[in-house]
Amino acid sequence: MPTIRIELFEGRTAEQKRALAQEITAACVKVLGGSPDGIDIVFFDIKRQDWATGGVLWSDKGQPPKPSP
């Protein structure tokens with residue numbers, strides 16, 4: 001079964017990571033079959049200065065722009 005590497009913005013709690021891991025595991029089992037014990041999920045916390053966005057999120061700026069009609 002797969003090993004899944006997930007990069008998260010720093011600051012996520014253990015509870016948030018646990019919930020995400022459970023959802024991803026359930027989806028993998030549903031799609032790929034097998035058992036939850038066969039799926040490894042590895043989380044890596046990415047520091048703000050290392051983000052592709054330069055550490056700025058839409059939530060930091062307000063609402064994202066709406067697409068043109």
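How many helices and strands make up the secondary structure of the protein chain? Let's take a look, keeping in mind that this is a predicted model.

**View 1. The whole chain, piece by piece.** The secondary structure comes to 2 helices and 2 strands. Start at the N terminus and you'll meet them in the order β-α-β-α. The protein chain has 69 residues, and buried ones make up 16% of them. Its accessible surface comes to about 5,500 Å², with 54% of that belonging to carbon and sulfur atoms. Now think about who touches whom along the chain: among contacts with a separation of 6 or more, 63% are between residues 24 or more positions apart.

**View 2. Lys 17 and the residues around it.** Here we zoom in on helix α1, which covers residues 14-32 and is where you'll find Lys 17. Is Lys 17 buried or exposed? Its relative accessibility is 18%, and the cut-off for buried is under 20%, so Lys 17 counts as buried. Which residues does Lys 17 touch, leaving aside its neighbours within four places in sequence? They are Leu 8, Arg 12, Phe 43 and Asp 45.

**View 3. Lys 17 meets Asp 45.** One of those contacts deserves its own close-up: Asp 45 forms a salt bridge with Lys 17, and the closest N and O atoms are 3.0 Å apart. This pair links distant parts of the chain, as Asp 45 sits in strand β2 (residues 40-46) and Lys 17 in helix α1, 28 residues apart. If you're wondering what brings such partners into one picture, side chains of opposite charge can pair when their charged atoms come close. The two partners aren't covered alike: Lys 17 is buried at 18% relative accessibility, whereas Asp 45 is partly exposed, with a relative accessible area of 43%.

**View 4. Arg 5 and its partners, Glu 7 and Phe 44.** How many salt bridges does the structure hold? There are 2, and this view shows the one between the side chains of Arg 5 and Glu 7, with an N to O distance of 2.8 Å. Arg 5 also lies over the face of Phe 44, at 3.8 Å from the ring centre. Even with these partners, Arg 5 has a relative accessible area of 52%; the cut-off for exposed is over 50%, so Arg 5 counts as exposed. And if you're hunting for aromatic pairs, you can stop: the structure holds 0 of them.

Methods
Residues are numbered from 1 along each chain as its sequence is written. This is a predicted model: local features need pLDDT of at least 70, side-chain atom pairs count only at pLDDT 80 or more; totals for chains, interfaces and linings use all residues. Side-chain values use heavy atoms; hydrogens and water are left out. Helices (H or I, at least four residues) and strands (E, at least two) are DSSP runs, numbered from the N terminus. Buried means under 20% relative accessible area, exposed over 50%, partly exposed in between (1.4 Å probe, protein chains only). Contact means heavy atoms within 4.5 Å. Accessible areas come from the Shrake-Rupley method with a 1.4 Å probe; for residues, only the protein chains shown count as cover. A salt bridge is a side-chain nitrogen of Lys or Arg within 4 Å of a carboxyl oxygen of Asp or Glu. Rings of Phe, Tyr and Trp (its six-membered ring) pair if their centres lie within 6.5 Å; planes under 30 degrees apart count as stacked, over 60 as edge-to-face and the rest as tilted. A charge sits over a ring if NZ of Lys or CZ of Arg is within 6 Å of the ring centre and within 35 degrees of the ring normal.
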